[in-house]
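Here is a friendly walk through one structure, from a few local spots to the chain as a whole. Please keep the 3D view open as you read.

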Amino acid sequence: QVQLVESGGGLVQAGGSLRLSCAASGLFFSTYAMGWFRQAPGKEREFVAAISSSGGSTWYADSVKGRFTIARDNAKNTVYLQMNSLKPEDTAVYFCAVRGYSSSSSSRYVPSGYPYWGQGTRVTVSS
């Protein structure tokens, strides 16, 4: 079965950096687009970033554009999220997810477009 395991979360001061990793197994990784979402306490899960199966295309939420970078290594079945210039409002549990095959570009930005999810890794940014 598909398994996604996130790592790299933690506590960091505002302005600092973290790199999240998501190791995937149980799927032909290089054929799937991937995404990162986050969920803050009391809020809905929201889109952060996505990357195409080849890694040649990326998409970002406006709130993280210019600060976060999504990347993947298909040889290692791993997707990354480099987070720089972190802000307290970035505090959340971060989830990686496998995007389902869809012709709808809008599905890229919503949780329903991703059938497989990791357990999440917590990121806390202190002010």
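Ser85 lies in the loop between E8 and E9, in what is a predicted model. Its phi is near 50°, a positive value in a residue other than glycine. With a relative accessible area of 40%, Ser85 is partly exposed.

Asn77 is another spot worth a look, since its phi is positive too, at about 55°, although Asn77 is not a glycine. You will find Asn77 in the loop between strand E7 (68–73) and strand E8 (78–83). Its relative accessible area of 25% makes Asn77 partly exposed.

Now turn to Ser53, placed in the loop between strand E5 (46–51) and strand E6 (58–60). Which residues does Ser53 touch, not counting those up to four places away in sequence? The list is Ser30, Thr31, Tyr32, Ala33, Arg72 and Asn74. For Asn74, which is 21 residues from Ser53 along the chain, the C-alpha atoms of the two are separated by 8.5 Å. Ser53 itself is partly exposed, at 26% relative accessible area.

Next come the aromatic rings. Searching the whole structure gives seven aromatic pairs. In one of them, the ring centres of Tyr32 and Tyr101 are 4.9 Å apart and the planes meet at 20°, so this pair is stacked. Tyr32 sits in the loop between strand E3 (18–25) and strand E4 (34–39), while Tyr101 sits in the loop between strand E9 (92–98) and strand E10 (116–117); the pair thus links distant parts of the chain, 69 residues apart. Tyr101 is exposed, with a relative accessible area of 62%.

A further pair joins Phe47 and Tyr109: the centres are again 4.9 Å apart, but the planes stand at 75°, so the pair is edge-to-face. This pair also links distant parts of the chain, with Phe47 in strand E5 and Tyr109 in the loop between E9 and E10, 62 residues apart. Is Phe47 buried or exposed? At 9% relative accessibility, Phe47 counts as buried, because the cut-off for buried is under 20%. Its partner Tyr109 is partly exposed, at 36%. Both belong to a cluster in which ring pairs link Phe37, Phe47, Phe95, Tyr109, Tyr114 and Trp117.

Here are the accessibilities of the residues discussed above.

| Residue | Relative accessible area | Class |
|---|---|---|
| Phe47 | 9% | buried |
| Ser53 | 26% | partly exposed |
| Asn77 | 25% | partly exposed |
| Ser85 | 40% | partly exposed |
| Tyr101 | 62% | exposed |
| Tyr109 | 36% | partly exposed |

Finally, let us step back to the whole chain. How many helices and strands does the chain have? There are zero helices and eleven strands, which read along the sequence as β-β-β-β-β-β-β-β-β-β-β. The C-alpha trace spans about 40 × 30 × 25 Å along its principal axes. A compact globule of 127 residues would have a radius of gyration near 14 Å, and the chain agrees, with 14 Å.

Of the 127 residues, 44% count as buried. Among contacts between residues at least 6 apart in sequence, 57% join residues at least 24 apart. On the outside, the chain exposes about 6,300 Å², and carbon and sulfur atoms supply 48% of that area. As for charge, there are 12 positive and 7 negative side chains, and the centres of these two sets lie 4 Å apart.

Methods:
Residues are numbered from 1 along each chain as its sequence is written. This is a predicted model: local features need pLDDT of at least 70, side-chain atom pairs count only at pLDDT 80 or more; totals for chains, interfaces and linings use all residues. Side-chain values use heavy atoms; hydrogens and water are left out. Helices (H or I, at least four residues) and strands (E, at least two) are DSSP runs, numbered from the N terminus. Buried means under 20% relative accessible area, exposed over 50%, partly exposed in between (1.4 Å probe, protein chains only). Contact means heavy atoms within 4.5 Å. The radius of gyration is taken over C-alpha atoms; the globule rule is 2.2 Å times the number of residues to the power 0.38. Accessible areas come from the Shrake-Rupley method with a 1.4 Å probe; for residues, only the protein chains shown count as cover. Lys and Arg count as positive and Asp and Glu as negative; His and the chain ends are not counted. The place of a charge is taken as NZ of Lys, CZ of Arg, CG of Asp or CD of Glu. Rings of Phe, Tyr and Trp (its six-membered ring) pair if their centres lie within 6.5 Å; planes under 30 degrees apart count as stacked, over 60 as edge-to-face and the rest as tilted.
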